[in-house]
Structure formats: structure tokens, C-alpha cells
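Please find below a short note on the model under review. The sequence and structure are shown first.

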2 protein chains.
Amino acid sequence: MLIFGRSLDYPMEFEILHKDSASDARAGILKTDHSEIQTPVFMPVGTAGTVKGVHQRDLMDDVNAPIILGNTYHLYLRPGLETLRGAGGLHGFMNWDRSILTDSGGYQVFSLAANRKLSPEGAQFRSHIDGSKHLFTPENIVDIQRIIGADIMMAFDECTPWPCDLKYARNSLELTHQWLDRGLNQFNSTDPVYGHRQAFFPIVQGSVFKELRKISAEYVAEKGAVGNAIGGLSVGEPAEEMYAMLEVVNALLPVDKPRYLMGVGTPVNILEAISMGVDMFDCVMPTRNGRNGMLFTRHGIINIKNRKWMDDYSPVDSDGYSFVDTQYSRAYLRHLIISGEMLGAQIASLHNLAFYLWLVRTAFEEIKSGTFTSWKENLIPALSTRL
Amino acid sequence: MLIFGRSLDYPMEFEILHKDSASDARAGILKTDHSEIQTPVFMPVGTAGTVKGVHQRDLMDDVNAPIILGNTYHLYLRPGLETLRGAGGLHGFMNWDRSILTDSGGYQVFSLAANRKLSPEGAQFRSHIDGSKHLFTPENIVDIQRIIGADIMMAFDECTPWPCDLKYARNSLELTHQWLDRGLNQFNSTDPVYGHRQAFFPIVQGSVFKELRKISAEYVAEKGAVGNAIGGLSVGEPAEEMYAMLEVVNALLPVDKPRYLMGVGTPVNILEAISMGVDMFDCVMPTRNGRNGMLFTRHGIINIKNRKWMDDYSPVDSDGYSFVDTQYSRAYLRHLIISGEMLGAQIASLHNLAFYLWLVRTAFEEIKSGTFTSWKENLIPALSTRL
């Protein structure tokens, strides 16, 4: 089927421009109908159709994010599908004309909703907003994401909680795989709503069990999707376990398709995962921790609430890439955060997002230059320093 | 005494460019060492050194505010004088190089602080933040505003509550007048801290009693200050009583000095007061009501929470002067405000502030063109329409 002369069988292009010789890192370009995305990429989280505290203009021009995330669970409940459809989808609704990826709501149903009831059919739950009753199925989650209009849609899965035993993880994985087949089927038998292409990513689960991760990665790889995601990590387990799972999974996921590690993470997590062949990331950390006064910089982590910043009139981050980094001082930002002023959250969010995007842009350049691994090894000790 | 070749005896220049023939409205220019301010002017309120939800860059380039307000009470308590002095005053601390006016804290002591005890000496109180004990006097309020570095400092007064009886109002007024003399004395015997000039405005009080307002306006006028303020209005009394007081007071305050009506008000209040000869305004309404979803436009007032805006995909305000007015839709802003998203408060605050500044800029132009009164009469019915 053709829309605008493009085959919908190829809902997204991905090209690897360079592979690092000393690691599995890759520099690539991912193309949707809304933007060209250099990978590795970090996607700011815009849960309810807004990256908290950041104007779309600043997300474009200051943070320079080529793609952001929306949450199916939140957007389905509010503003709701009728409003989104009337706006021509989330792009039109929030006035964002670069790419959007939506997660499938699986994680949110289990972390936010009330009265959850899981069955082979899907997940029944009550809205955390008004208590209303809803059912998510692998099929309607595709339909909902069609209406949201995400460039990249995610399969409905159970994000296996950590810790859990092998039996639970195996059953959970089996459900996720059944749901994947049903979601893929729905994806293949429906069309985009707004004329732009939509891709569909399966999700590898399997908790921290290598044998399950292997089974899942093989199962997912065989679907031949244009991109694949790794879920159920960074949910409390030690970082070493996450890296061990990544090693197993990335050895099996197709090398020529983008790999998306969901919900990760710290700057160090991101660099390590890039070196293991991951291309896409999202995390609430830069905005959520920013609102609480934690700033990530290339020299280390600043807790701006500490008394030591009280009379530090130097810029928030003299190496920073956001306008806020040089326009405001640390003493001023400390005052705002301690006083609970909105502007403090706005400044910290912009700073952190600009830092995360700088990190992945620089990783791209370093991979292209063949210097990624030494750059990463030099940077990592600084990144986790507490300033 | 001379600093930078300017006499500190003239801490501010004010020139009236045009007087309206059909009303007492005037168009003028007020010059501080930080900016030239067209009057009538509206001053956005930046209580704790930030106009809530608005970046300084947007306050400059988008709202185009030539002067903002800071609160002595808040700034004294947090970040405190040591931090402010270290930053070179509030201008340096918040990186705002246009003008700043600080209120004296009288109003806040009585509305926010705990364990207030009023005496002829001053006002003792406990901080609403940490319970610490403090004393404000007419003298130290001048000293504090010297350290804050405001271009325009306000006298310490008792903002007489409404309603109150004549006796209370008379005693309160007497205290305010005594405090004015002591404040003026302190002002005249101290110098600016940072090399830029600072003006000092007395405040007319007297509640809603014409005879007291007359006494107070005469008392204040006789001080020969470079500008005069009218306080204790818009504190709950009917608008008609406020206008009646303005008529009494403005007949007595010097015609060639700027008149500042504190804490006022709605767009209609502002236009009426301009027509009665007021030049300067401040109010939390555009930001506070904005955060709650109330939008002021030239066609009327929008409560964006109303269901009728749910699928209104038209711009927030197609006539608006802020970038937010055309970048976001009403349906989207409604979603943000209803969801309690920060961006909703940010958008509404920018919109309302840009509207208020548009209103006073246009008033300036209309006065200059001799068309102010007809413009005002045409506009007022629309301004209070509920859309």
C-alpha cells in the first residue's frame, strides 16, 4: 500500500553510518516522516503531551531534540482520543512537528492505575484520574497509538517487576510474546490515520534471567520489525545485571535495526549501553531529578540544594548548551529550587535535557571519528562525581 | 552628592509627553539608571526574585516589560541580604538589567507572617518559612531595599485592612505618616550601594474614607518625592469606592510626578485608573489567575477549564502578542491546565503578562494620539465579557 509514494511496508528508515571498532557502538540515522534522527539518541519524556516545564520552542531550538516520547496510558485517559483525533493527532495537538514515540501503556497500567486485572485478553484497570474502568488489549493499544499518530508505536507488554522469580518471569514473558503476535497482527492489518507512516517496535522482556532474555530476543528478532526495544530493565536491579542482559539481548537482536533501551537512565548507563550497541533511550531522570535540584554536567552531578552553592555566582554550567546555563547563576537556581519556584524546575529541566542531548550528539560524533571508547572511558569517572 | 556625574538628589527622571484632553490620563517617560519606562506601565510581580513561570529572557523579549516588582519581605527572608549583596543586588542575582521596584514588605508582614506585633517602632513578626523572629522598621526597610538595589524603593507602611472603622483607619494612617518621615530621613541620609540611583516613593493610605485620603495625599504631596504611591486599595472594597478614593487623592498628588496605584488590578481597573491620572500598576492577577486557567484578552475573559474549549483548536489568542498565543491551541492549553502541567501555567502567565503590557503600551499610544478616551470606552465592555 502506498501513501505519498512511500511504501507503508517500510515505515521507517535506518542506516548505520559507522561502527566503533573497540566496542559495539554505532552511529546511525533514523528517518521518520517527521524528522531525521541521529543515533544514539535520547528522547525527552513528554508523558501527557508536554515535556514538563519546557516550551516546545525551547525543546526544538535550545535542547534540539529530534524526537520525544508520549505515554499512551496518559494520553488515552486525558485529553482522550476524540480530542487527539480532532487535532490531527498528538503532533498537531501539542504543535510538535518532529518525531514522537509512544510507549504502550503497559508500564503505566501497572505503576499508576488502580484495580488492575491481568488476563490473556489484556489488562483491565481503573483510571488513576477519575476511577473509570478501562481495558487495554494488544489490539486496541495499536488502534490508540494510530489515533495518537506516533511515528514509532510500541507493543503492549507486561513490564515484569523486579525482583521476581523465574516462574513469574517466564509466565509474564509468555504473555508478552502472545500479546506481541496479536499487536503485530493488528499493526499489519491497519493503516495510519493521518497520512504519515508509523512503525511498530516489539519489546524484549525476561527480567534478569539470561535464558529468558535469550528466548525473548530470539522471538522478537524473528518478527523482522524495523526496530526493537528492550524493556523491563532499570527497574531496580543493579546496573551490572542490566548490562549482562544487554549483552545477551544485543547479540541476538538484528544488528541493522535500531535498538531502544526503555527507561534508561543515568548518563553513565547511557554511555555503557551505547558501547553495547543500543541506539535509543528515554528517561524521566533529566526532568524529574532536575525539578528536585539535581543537575547533570560533564564534570559531575550537582545537588543545587546544598549550602555550598548558596553564594556561587558562577553560571549554572559554563560548558552548557542551553541558554539557561549562562543566563542564570548557581546561587540563583539554588534559591529558586529551595523556594519551590517554578522557574527553578524550568531551568533545571532545560539544563539537564540539553546536557543529555549533548551527550548523545557527542557520542555520535565520537563514534564517527573512531574515538568513542577512549572518550567514554575518560568521561565516565567525571560523570558520576558528586560536585 | 554625585555618582557617575548624576546628582543623587534627582534619583529618577519623569517627563509627561502628552495629557489627554477628555480625561486625566497622561503619557510619560520615567527614567531610571536601568531603563526608560513608558507610562502608563504595568509591572509584572516577581515576588521572590522571579516572575513565576517566566524566564527573564521571555520577560524581556516576549512580554517586553521595562520594569518588574520584587518583594522586600520575601527577598529579605530568602535568599537573604548576604546572598543578594554578594550578587551585586537583585539585578545581578536574577540577571535582570531593566528596572526593579520593591514593595516595602508592609503588606506581606500582615498577610503572610506569623505572630505579628505592631508598635510605633515597627513590625515584629515570625517568618512564614522557618518561624524565625524579625523586626521591620521604617529605617531598616530602607537599608534592606538599598541592599536589594531596587531602582524604586517603597516606604514602610501599614496597608490598612478593609473593611475597618474610621478610628482604626485614622490611627493606622497616623502610624504610616510617622513611618514615612522616618523612612524619608533614612533615605536622605544613606547612599545607594551599587552605584545606580534609587528613588523612594511615599504611600498614601486612609482606607475608603475621603477625609483621611485627603489628609494623607496632602501629607505625602508635601514631601516632594520624585514619585508617589497609593496603597490600601483593591483589598476587597467595591471598585466604585476605589475610584472615589483615586479622585480625591489624584487631585492632591503633584501632577508632574508619577503616581503608582499598588496592587491593581483587572484590565478595566487599570484603564479607569489611567483615565484618572495613574501612571504605574502592579498586580499578581495575570500570573496567579493565569496559573488557574483565567486568560485575559481584548475580546473578554476565558476560563480555559470550561468544557467549551475542549475541542477548540484555534490559537490561544490570535490577536495576542506572546509567542505562546499562536504556538498553542486553546484545546491544548485546557488539557495542560486541567492536568496540572507546569507548561499550562507557563503559557497562561506569558499570555496574560503580554496582554497587560499590550494594554498599557496601547494606552500610551492612544493618549499620545488624543484618542485614549474613545478607545477605552470601546474596549471596556469587551474586556469584562465572559467568553
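The points below concern a predicted model and take up its symmetry, its interface and one residue of chain A.

1. Relation of the two copies. Chain A is superposed on chain B by a rotation of 180 degrees with 0.0 Å of shift along the axis, and the RMSD is 0.0 Å. This is the relation of a two-fold axis. The residue of chain A that comes closest to the rotation axis is A:Met342, whose C-alpha lies at 3.8 Å. The same surface serves both copies, since 100% of the contact residues of chain A recur in chain B.

2. Extent of the interface. On the side of chain A, 40 residues are in contact with 40 residues of chain B. The two chains bury about 3,500 Å² between them, and carbon and sulfur atoms give 55% of that area. Within chain A, the residues that lose the most area to chain B are A:His55, A:Arg57 and A:Met342, which together account for 19% of what that side buries. A:Met342 thus appears in this group as well as at the position closest to the rotation axis.

3. Polar and charged pairing. The rule finds four salt bridges across the interface of chain A and chain B. A salt bridge joins A:Lys52 to B:Glu341, with 2.7 Å between the closest N and O atoms. Across the same interface, 22 residue pairs are in polar contact, both residues being at pLDDT 80 or more.

4. Elements on the side of chain A that touches chain B. Two or more residues each come from helix H1 (56-61), helix H3 (81-86), helix H4 (90-94), helix H12 (323-327), helix H13 (330-338) and helix H14 (342-369) of chain A. H14(A) gives the largest share, six residues. By residue class, this side of chain A divides into 20 nonpolar, 13 polar and seven charged residues.

5. A:Asn352 in helix H14. Is A:Asn352 buried or exposed? A:Asn352 belongs to helix H14 of chain A. Its relative accessible area is 0%, and A:Asn352 is therefore buried, the cut-off for that term being under 20%. The side chain of A:Asn352 reaches the backbone oxygen of A:Pro286 at 2.9 Å. Leaving aside residues up to four places away in sequence, A:Asn352 touches A:Pro286, A:Gly290, A:Met294, A:Leu295 and A:Phe296. A:Pro286 is thus named both as a residue that A:Asn352 touches and as the one whose backbone oxygen the side chain of A:Asn352 reaches.

Technical notes. Residues numbered from 1 in each chain as written. Chains lettered and ligands numbered in written order. Predicted model: local features only at pLDDT ≥ 70, side-chain atom pairs only at ≥ 80, totals over all residues. Heavy atoms only, no water. Contact = heavy atoms within 4.5 Å. Buried area = accessible area lost by both parts, 1.4 Å probe. Salt bridge = Lys/Arg side-chain N within 4 Å of Asp/Glu carboxyl O. Polar contact = N/O pair within 3.5 Å; in protein donor to acceptor, adjacent residues only side chain to side chain. Helix = DSSP H or I, 4+ residues; strand = E, 2+ residues; numbered from the N terminus. Nonpolar A, V, L, I, M, F, W, Y, C, P; charged D, E, K, R; others polar. Least-squares fit on C-alpha atoms with pLDDT ≥ 70 in both. Buried < 20%, exposed > 50% of the residue type's maximum accessible area, 1.4 Å probe, protein only.
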